[in-house]
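Dear colleague,

I am passing on the structure below for your own work. My notes on what was found in it follow directly after.

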Amino acid sequence: MGQAPVVYGQSERPPRGDYSRAASDYTCAQDYASYTETDHDTYRRLHARQSALLPGRACAEFIAALPSLGPHKRIPRFEDINARLMPATGWQIVGVPGLIPELAFFELLAERRFPVTDWIRTPAEFDYIVEPDIFHDLFGHVPLLFNPVLADYVQRYGQGGIKAHRLGACEMLARLYWYTIEFGLIREAGGLRAYGAGILSSGGELVHAVESPEPRRLPLSVERAMRSRYRIDSYQQTYFVIDSLQQLFDMTDGDFAPLYAQLRALPEFAADGSEAPPVRPAPPGPRTPA
Ligand code: HBI
Ligand code: FE
């Protein structure tokens, strides 16, 4: 295999998953026979726990699309989901051993192929896992790929990512992905709801993101999101809120190249929303006589 796979943030944990099975585009077949009864039981339990938390916390589009995942007593077969997903929005899910390098990730999204990790967490990780496993990808990401607006947004994100890779702007674009597709909130008539996969697939964060008074919640600004660092190992301290999925799509239309150039000169924000100190310490000022 090629370069070591990327992992969110600066985590030192070695990537999980068997990358020796992956093709040159990092995809691998779903080795369905490899799942144990414990694996199927973990999936069933995770699906049951999250489903019970959705009312009043997950956005309407997600709740409407979730049944498209199909039966949930055992880990679904990717081809069974694809038989419904392809006709719906032209997307298909493909297996990957885990996190993959950014360019490979972008190229798959640009082809409407969503990479789904093919292993599932251990029972000991039932409540929290750092890396995205099959439950995070299937339950968190796949339902909204049945929604035409979000489906178009994710493909365009992939196309934009290929350009960002050429411009050395992957980190800024990854932040936009993080604060929308992974941890985005949407305001509905009934109140705040989650549309981000990282929230929807997390037992604790779905309640925290929608109901806790602690986090900072800001109207989505592409510029502010691109300047905002994020933490991969704790609940988010900042969430960005949209009013509709269409607004998300419309806000991110167009070429980001000028924006990348402009943002490089501006200070960043820490994950808690405070102004981040410049990474490079300012040069020492004029020496004052002792
Ligand atoms: N790889 N399998 C997988 N899944 C992701 O969500 C993913 C990835 N690689 C990189 C990545 N996400 C993020 O850095 C993107 O914003 C690029
Ligand atoms: Fe994800």
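How many helices and strands does the secondary structure of the protein chain come to? The count is 12 helices and six strands, where helices (H or I, at least four residues) and strands (E, at least two) are DSSP runs numbered from the N terminus. Please keep in mind that this is a predicted model, in which local features need pLDDT of at least 70 and side-chain atom pairs count only at pLDDT 80 or more, while totals for chains, interfaces and linings use all residues. Residues are numbered from 1 along each chain as its sequence is written, chains are lettered from A and ligands numbered from 1 in the order in which they are written, and side-chain values use heavy atoms, with hydrogens and water left out.

On the overall fold, the radius of gyration is 19 Å, close to the 19 Å that the globule rule gives for 290 residues, so the protein chain is as compact as a globular protein of that length; the radius is taken over C-alpha atoms, and the rule is 2.2 Å times the number of residues to the power 0.38. Of the 290 residues, 53% count as buried, a term that means under 20% relative accessible area (1.4 Å probe, protein chains only).

The iron ion (ligand 2) has as its protein donors His136 (NE2), His141 (NE2) and Glu182, the last of these entered twice through OE, at 2.0 to 2.7 Å; donors are N, O and S atoms within 2.8 Å of the metal (3.2 Å for Na, K and Ca), and sites may look incomplete because water is not among the atoms. The arrangement is irregular because the four donor atoms subtend angles of 52 to 136°, whereas a tetrahedral label would need all angles between 85 and 135 degrees. In sequence, the donor residues follow the spacing H-x4-H-x40-E, and the pair of His141 in helix α5 (residues 134-141) and Glu182 in helix α7 (residues 170-182) links distant parts of the chain, 41 residues apart. His141 is buried at a relative accessible area of 6%, and Glu182 is buried as well, at 3%.

Turning to the strands, β3 (residues 185-188) runs antiparallel to β4 (residues 191-194), joined by four bridges, and the two form a hairpin with two residues between them; strands pair if DSSP finds at least two bridges between them. Within this hairpin, Glu188 stands opposite Gly191. Strand β3 also pairs with β6 (residues 238-242), in the parallel sense and over two bridges, with Val241 as the bridge partner of Leu185.

With best regards

Methods: Four donors count as tetrahedral if all angles lie between 85 and 135 degrees; four count as square planar and six as octahedral if opposite donors are over 155 degrees apart and all others between 65 and 115; anything else is irregular. Buried means under 20% relative accessible area, exposed over 50%, partly exposed in between (1.4 Å probe, protein chains only).
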